[in-house]
Amino acid sequence: MATGRTHRPATRSRGIPEATVARLPLYLRALTALSERSVPTVSSEELAAAAGVNSAKLRKDFSYLGSYGTRGVGYDVEYLVYQISRELGLTQDWPVVIVGIGNLGAALANYGGFASRGFRVAALIDADPAMAGKPVAGIPVQHTDELEKIIEDNGVSIGVIATPAGAAQQVCDRLVAAGVTSILNFAPTVLTVPDGVDVRKVDLSIELQILAFHEQRKAGEETASGDGAVPAAAKRASAAGQGPDGDVPAVMPA
């Protein structure tokens, strides 16, 4: 069985831009849905709409893969699924360890989409001795004392950190020292890693704050358009010198 340690995706060596790499999973998701419906071909416009990008950008992205489609026919769905999967390194088995089996870690362990996308959860690891041996998603949790041995035995090169912020850097350091070269970080902190180690950060609170910004901007535009209405909760909060929830300032210090 192939593992992530000995095989790396070909994207960097082929000079595919990072922005294109970031969009490939979007195309793959849309194409997989088409494949499941037995759709044989798809136009660039249809696929772009399904992936949420414009068709010119899609055609440019596919040109990096050497795929140009056929005029009047479009792209072969099954071939594109294979081609993008190959570029992303998903035609092989990638063993993954998840460290931190709290609510979030357990939810990730129970996510059924990993296996169908080329990833295998090789181990679940937690620092709490009381968790050791307890099955989560059918996999017994192992103690962090075993982390290095687990990584070596399973040939793991991808680690997922779902610990509290205070423990994340130490876990990261141990993962890297054990040979992990790619980390998906769910902890609300910035990790420091050496050259050659890739980190992708997922912070749900930041995403919600960005959405809050856009909601506030939309509300401001509505007010500026002449309606002049201010949400009742905001009026009450302003009068009391409080935020909308009544116990924090409306504007938090940076």
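**Group meeting: the pocket and the aromatic pairs**

Okay, let's start with burial: of the 254 residues in this chain, 36% count as buried, where buried means under 20% relative accessible area, exposed means over 50%, and partly exposed is in between, with a 1.4 Å probe and protein chains only. Before I go on, this is a predicted model, so local features need pLDDT of at least 70 and side-chain atom pairs count only at pLDDT 80 or more, while totals for chains, interfaces and linings use all residues. Residues are numbered from 1 along each chain as its sequence is written, and side-chain values use heavy atoms, with hydrogens and water left out.

On to the overall build. You'll see ten helices and nine strands; these are DSSP runs numbered from the N terminus, helices being H or I with at least four residues and strands E with at least two.

Now, the pocket. The largest one has a volume of about 1900 Å³. A pocket here is an open set of points on a 1 Å grid over the protein atoms alone, where a 1.4 Å probe fits, with protein on both sides within 12 Å along at least five of seven lines; lining residues have an atom within 4 Å of a point. Points are joined across faces, edges and corners, and the volume is the space filled by probe spheres set on them.

So who sits closest to the centre? Out of 40 lining residues, it's Pro25, Leu88, Leu90, Phe119 and Arg200. Several elements give two or more residues to that lining, among them α4 (77-87), β3 (94-99) and β9 (198-201). Helix α1 gives the most, with nine residues. By class, the lining has 24 nonpolar, seven polar and nine charged residues. For the record, Ala, Val, Leu, Ile, Met, Phe, Trp, Tyr, Cys and Pro are nonpolar, Asp, Glu, Lys and Arg are charged, and the others, Gly among them, are polar.

Last topic: aromatics. The structure holds three aromatic pairs, meaning Phe, Tyr or Trp rings (the six-membered one for Trp) with centres within 6.5 Å; planes under 30 degrees apart are stacked, over 60 edge-to-face, the rest tilted. Tyr27 and Phe62 are edge-to-face, 5.0 Å centre to centre with 75° between the planes. That pair links α1 to helix α3 (residues 55-64), 35 residues apart. Tyr27 is buried at 0%, and Phe62 is buried at 0% too.

Then there's Tyr111 with Phe114, edge-to-face at 5.0 Å and 90°. Here Tyr111 is partly exposed at 43%, and Phe114 is partly exposed at 23%. Finally, Tyr27 and Phe62 join Tyr75 in one aromatic cluster.
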